[in-house]
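I am opening my notebook on a structure that is new to me. My plan is to look up a few places and write down what I find.

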Amino acid sequence: MPFQANPIKFGTDGWRGVIAADFTFERVAKLAPLAATVLQESNPNSNLIIVGYDRRFMAEDFAQITAEALQDAGFDVLLSDNFAPTPAFSWAAFAQKALGALVLTASHNPAKYLGLKIKGGFGGSVSEDVTSKVESRLEEYIPKADKKGTLQLFDPWESYCNQLRSQVDIELIKNAITSGKLKILVDVMHGAASTGLSRLLGCDIPEINAQRDPLFGGAAPEPLARYIPELFRQIKEAAKSYPDALRIGLVFDGDCDRIASIDGNGNFCSTQILIPILIEHLATRRNLEGEIVKTVSGSDLIPKIAQLFKIPLSETAIGYKYIAERMLTHQVLVGGEESGGVGYSNHIPERDALLSALYVLEAVVKSGKDITELYENLRQQVNFTSDYDRIDLTLANIEQKNQLQERLENTPLTEIAGKKVVNCLAIDGYKYRMEDDSWLLIRFSGTEPLLRLYSEAPTLKIVQENLTWAKKWATE
């Protein structure tokens with residue numbers, strides 16, 4: 001049977017495919033000018049496109065092909081002279097008043113993937129309307145222009161770092177580091193966050209997994225506890241060596257738009273923990289305003305924190321583009337997702353892990369408290385206790401996905417792990433809330449052949465019962 005590549009399809013943020021099988025020079029060269037053409041139809045006053053890339057295998061070569069294809073189609077191109085975080089290219093699109101940015105990255109996906117993210121001139125992920133237009137016109141041929149566009153190299157870091165520095169008290173954080181009050185450990189997961197905090201803070205911040213490794217050490221560059229054993233080890237060592245310092249571990253995904261953390265005692269802190277801390281910090285210590293936007297997989301603590309500080313709350317499907325859409329029409333204090341992406345309206349409508357890291361560091365230094373202490377204080381104020389976890393199941397093929405989808409649609413679940421289902425929210429996947437106020441979310445990944453299972457409950461034991469039940473349901 002002859003080989004057939006998977007169709008070009010945009011997921012929660014961009015198109016991703018296996019390098020050489022789905023993701024090829026030929027397809028990228030065809031897709032890039034088409035994406036730029038669609039962007040220009042809603043912004044005819046610009047002809048400029050930003051092209052950037054991360055540290056994945058041959059990402060710079062794909063970026064060069066992308067830039068040349070755009071130039072041949074008559075577009076003017078600013079091509080990055082180095083790897084950088086995806087948010088840096090979103091910022092460049094906004095700052096340069098460009099049509100948008102095309103970023104060569106597969107974010108947190110495993111090493112065999114590469115991808116292309118389309119960012120709008122407003123500085124964030126484009127809407128589903130835009131990507132649907134691109135998909136519907138894939139057979140369209142974009143001819144070479146009579147006059148080629150220009151192609152120039154640019155440094156994506158300088159303007160981006162200046163923008164982030166303007167949002168926080170850099171000297172406060174730097175002084176805490178140099179005085180020994182604050183000890184930071186950073187795992188950049190071989191990705192585009194490398195050198196970022198050192199550039200921002202103006203002092204050397206040692207990094208774990210700083211070298212480029214297109215195989216990401218054999219794991220995925222995703223900020224999850226199972227992928228960061230060395231960071232856990234070093235945090236525990238730091239607890240012995242720096243017992244009186246505020247200690248924090250930070251971890252960034254492959255293209256630096258997602259973040260997670262480890263507290264001073266070695267406990268993993270996902271954005272389910274960081275988002276409440278960020279809300280409190282921005283609302284009380286920085287006196288900023290705006291609503292909170294969470295995705296359906298976000299913790300039940302977030303609405304309670306919103307109520308505590310009398311902040312409006314809205315909820316979206318999973319994928320930062322949905323939060324970005326809200327940020328284009330509303331002032332958003334914090335827009336965050338369970339998987340590590342957090343953004344702010346005082347920046348651009350884009351998740352930005354380095355800015356989130358700076359805010360977390362600022363919160364720790366200003367409060368003088370460890371991140372878990374900040375989190376526990378908030379939970380006590382709203383009288384809320386919960387645990388959370390997520391597991392991902394690899395699907396064998398599209399048939400398995402279709403069968404599971406059909407079961408979810410046609411055979412509604414009425415009982416989960418021996419507990420009655422009291423309601424189901426179907427904004428994105430199926431989120432079942434049970435009679436003990438725990439919840440289980442079942443949804444398919446928008447970028448990989450995975451079934452994602454999420455659960456939050458009053459205790460970790462109940463979380464594991466829910467996830468074990470869901471895994472058995474999906475595989476039986």
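**Entry 1: a glycine in a loop**

I began with Gly 191, which counts as buried at 0% relative accessibility. I note that I am working with a predicted model. Gly 191 sits in the loop between strand 8 and helix 7. Which residues does Gly 191 contact, once neighbours within four places in sequence are left aside? I found Arg 55, Phe 83 and Gly 254. I then looked at Phe 83 again. In sequence, Phe 83 and Gly 191 are 108 residues apart. In space, their C-alpha atoms are 8.9 Å apart.

**Entry 2: positive phi values**

I stayed in that loop and turned to His 190, which lies between strand 8 (182–187) and helix 7 (196–201). Its phi is near 65 degrees, a positive value in a residue other than glycine. Most residues other than glycine have a negative phi, and I wrote this one down for that reason. Is His 190 buried or exposed? His 190 is buried, because its relative accessible area is 5% and the cut-off for buried is under 20%.

I logged a second case, Asn 209. The phi of Asn 209 is near 55 degrees, again positive in a residue other than glycine. Asn 209 belongs to the loop between strand 9 (207–208) and helix 8 (229–241). With a relative accessible area of 27%, Asn 209 is partly exposed.

**Entry 3: the nonpolar cores**

Next I looked up the largest nonpolar core. How many residues does it have? I read 112 residues, and Leu 182 and Phe 252 touch the most other members. Helix 12 (residues 353–367) gives the largest share of this core, 11 residues. Another core lies apart from it. That one has 22 residues, including Leu 408, Val 421, Tyr 432 and Leu 451.

I followed Leu 182 further, setting aside neighbours within four places in sequence. Leu 182 is in contact with Ile 173, Ala 176 and Ile 177. Leu 246 and Ile 248 are also contacts of Leu 182. So are Leu 361, Val 364 and Val 365.

**Entry 4: helix 12 and helix 6**

I wanted to know how helix 12 packs. Two packed helices are described by the angle between their axes and the distance between the axes. I took helix 6 (residues 170–178) as one partner; its axis and that of helix 12 come within 10 Å and cross at roughly 65 degrees. That makes helix 6 roughly perpendicular to helix 12. The crossing of the two is left-handed. Which residues make the contact? From helix 6 I listed Ile 170, Leu 172, Ile 173 and Ala 176. From helix 12 I listed Leu 358, Leu 361, Glu 362, Val 365 and Lys 366. By class, this contact has 7 nonpolar, no polar and 2 charged residues.

**Entry 5: helix 12 and helix 9**

Helix 9 (residues 271–285) was my other partner. The axes of helix 9 and helix 12 come within 10 Å, crossing at roughly 65 degrees. Helix 9 is therefore roughly perpendicular to helix 12. This crossing is left-handed. On helix 9, the contact is made by Leu 274, Ile 277, Leu 278, His 281, Leu 282 and Arg 285. On helix 12, Ser 356, Tyr 359, Val 360, Glu 362, Ala 363, Lys 366 and Ser 367 take part. I noted 7 nonpolar, 3 polar and 3 charged residues for the contact of helix 9 with helix 12.

**Entry 6: strand 13**

I moved to Lys 294, in strand 13 (residues 291–295). Is this lysine buried or exposed? Lys 294 is buried, with a relative accessible area of 3%. Beyond four places in sequence, its contacts include Ser 299, Ile 302, Glu 315, Gly 336 and Lys 431.

Thr 295 is in strand 13 too. Thr 295 is buried, at a relative accessible area of 0%. Not counting residues up to four places away, Thr 295 touches Glu 315, Thr 316, Gly 336 and Glu 338, among others.

**Entry 7: strand 20**

My last stop was Tyr 430, in strand 20 (residues 430–434). Tyr 430 counts as buried at 16% relative accessibility. Among the residues Tyr 430 touches, beyond four places in sequence, are Gln 405, Leu 408, Cys 424 and Leu 441. I also checked Phe 62, which is 368 residues from Tyr 430 along the chain. Their C-alpha atoms are separated by 37 Å.

Terms used:
Residues are numbered from 1 along each chain as its sequence is written. This is a predicted model: local features need pLDDT of at least 70, side-chain atom pairs count only at pLDDT 80 or more; totals for chains, interfaces and linings use all residues. Side-chain values use heavy atoms; hydrogens and water are left out. A nonpolar core is a set of buried Ala, Val, Leu, Ile, Met, Phe, Trp, Tyr and Cys residues joined through side-chain atoms within 4.5 Å. Buried means under 20% relative accessible area, exposed over 50%, partly exposed in between (1.4 Å probe, protein chains only). Helices (H or I, at least four residues) and strands (E, at least two) are DSSP runs, numbered from the N terminus. Contact means heavy atoms within 4.5 Å. Axes are lines fitted to C-alpha atoms, for helices over the stretch in contact, and angles run from 0 to 180 degrees between N-to-C directions. Angles under 35 degrees count as roughly parallel, over 145 as roughly antiparallel, 65 to 115 as roughly perpendicular and the rest as oblique. A crossing is left-handed if the near helix is turned anticlockwise from the far one by less than a right angle, and right-handed if clockwise. Ala, Val, Leu, Ile, Met, Phe, Trp, Tyr, Cys and Pro count as nonpolar, Asp, Glu, Lys and Arg as charged, and the others, Gly among them, as polar.
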